[in-house]
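Please read the following account alongside the sequence and the coordinates. It moves from the overall architecture to individual side chains.

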Amino acid sequence: MSLFSAYSKGTALILTAFLFLSFFTSCGGIPPTYFYRVDYEIMEDESNHRDVVPVTLAIAPFKSDILYESDKIVYRNSRYEVQFYNYRRWIVPPKKLVTEKLYKHYRATGNFERVVRTPSTFPVDYILQGRIHAFEEWDEKDTWYGFVKLEFELRHAKTNEIVWEKVLSRRTTAKQKDPVSVVEAISESLNFVINRSIQGVQIHLVSHRAESR
């Protein structure tokens, strides 16, 4: 076989593969990818403002169990089997979504004198960090849920001592059995968990300051 013949055959194979892929795509063989984000309205609790804690609280990037490192949305109906949506994804991996929402939520409540990200140019009194243990769709018979489980650690910035820690979780029923409803349920679960953590951190810091006087 001549070099020209081999080149012609190779070119023909590449062209055929390209035409097949183009035809497959145009016929709807490759579904579109949908991207989702968590979103909820942060309700400011005016009753807490009389107990604003005079500290600078830093929100550190959250870590996550390996299952949630990807931007693919996780769904399952068993503790032992895990599945991923191939074409339905978070806009960024959950640990970035959670960290960003934590920062905005803690800051918006007005319960702390200052809330910053790490690293910070401000002197920091406490650092809040943690890990994602669940951030997923949970299917159970005829009902779908949005399940969130986070571990929180509050550390003293100077001593690095853990002064408060808690694992908080919430499972919210999706209004319908569809991805958007599940993402909404996950958002509601995250809202609940973060609110509970804010209450816990605030109560601890207020009581700690009272004991120190």
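The paragraphs below treat confidence and fold, then strand pairing, then the core, the aromatic pairs and one histidine.

The structure is a predicted model, and its confidence deserves attention before its details. Across the protein chain the mean pLDDT is 86, with 81% of the residues at 70 or more. Residues 2-26 stand apart from this picture in that their pLDDT stays under 50 throughout, and the model gives this segment six contacts beyond four places in sequence. Where pLDDT is low, the predicted coordinates should not be read in detail.

The protein chain contains three helices and nine strands. Read from the N terminus, the order of its elements is α-β-β-β-β-β-α-β-β-β-β-α. Of the 213 residues in the chain, 36% are buried. Contacts also reach across the sequence: among those between residues at least 6 apart, 69% join residues that are at least 24 apart.

Strand S7 (residues 126-140) offers a convenient route through the strand pairing. Strand S2 (residues 53-59) runs parallel to S7 and is joined to it by three bridges; Leu57 has Tyr126 as its bridge partner in S7. Strand S3 (residues 63-64) also pairs with S7 in the parallel sense, over two bridges, and here Ser64 has Ile132 as its partner. Strand S4 (residues 72-76) is likewise parallel to S7, with two bridges between them, and Tyr75 is partnered by Glu137. S7 thus has parallel pairings with S2, S3 and S4.

What is the sense of the pairing between S7 and strand S8 (residues 143-156), parallel or antiparallel? These two strands are antiparallel and share 14 bridges. Within this pairing, Glu136 is placed opposite Phe147 of S8. S7 and S8 form a hairpin with two residues between the strands, and in it Lys141 adopts a positive phi near 55°.

Attention now turns from the backbone to the packing of side chains. In soluble globular proteins, nonpolar side chains tend to be buried together. In this model the largest nonpolar core has 48 residues, and the members that touch the most others are Trp90, Tyr106, Phe112, Phe135, Phe152 and Leu190. Helix H3 (residues 179-212) supplies the largest share of this core, with 10 residues. Phe112 illustrates the packing: beyond its neighbours within four places in sequence, Phe112 contacts Val52, Val53, Val55, Leu57, Tyr106, Ile198, Val201, Gln202 and Leu205.

Another of these core residues, Phe152, leads to the aromatic pairs. A pair of aromatic rings is described by the distance of the centres and the angle of the planes. The structure holds five such pairs. One of them joins Phe62 and Phe152 in an edge-to-face arrangement, at 5.7 Å centre to centre and with 70° between the planes. Because Phe62 sits in the loop between S2 and S3 while Phe152 belongs to strand S8, this pair ties together parts that are 90 residues apart in sequence. Phe62 counts as buried at 3% relative accessibility, and Phe152 is buried with a relative accessible area of 0%. Phe152 also pairs with Trp164, in a tilted arrangement at 6.4 Å centre to centre and with 45° between the planes. Since Phe152 lies in strand S8 and Trp164 in strand S9 (residues 162-173), this second pair ties together parts that are 12 residues apart in sequence. Trp164 too is buried, with a relative accessible area of 13%. Through these ring pairs, Phe62, Phe152 and Trp164 are linked into a cluster.

The final stop is a polar side chain. His105 belongs to helix H2 (residues 94-109). Is His105 buried or exposed? With a relative accessibility of 0%, and the limit for burial set at under 20%, His105 counts as buried. Which side chain makes a polar contact with the side chain of His105? That partner is Tyr40, at 2.7 Å. When neighbours within four places in sequence are left aside, the residues in contact with His105 are Tyr40, Ile42, Asn191, Ile194, Asn195 and Ile198. Ile198 is also among the contacts of Phe112, and thereby connects this description of His105 with that of the core residue Phe112.

Technical notes:
Residues numbered from 1 in each chain as written. Predicted model: local features only at pLDDT ≥ 70, side-chain atom pairs only at ≥ 80, totals over all residues. Heavy atoms only, no water. Helix = DSSP H or I, 4+ residues; strand = E, 2+ residues; numbered from the N terminus. Buried < 20%, exposed > 50% of the residue type's maximum accessible area, 1.4 Å probe, protein only. Polar contact = N/O pair within 3.5 Å; in protein donor to acceptor, adjacent residues only side chain to side chain. Contact = heavy atoms within 4.5 Å. Core = buried A, V, L, I, M, F, W, Y, C linked by side-chain atoms within 4.5 Å. pLDDT = per-residue confidence, 0-100. Pairing = 2+ DSSP bridges. Phe/Tyr/Trp six-rings, centres within 6.5 Å; stacked < 30°, edge-to-face > 60°.
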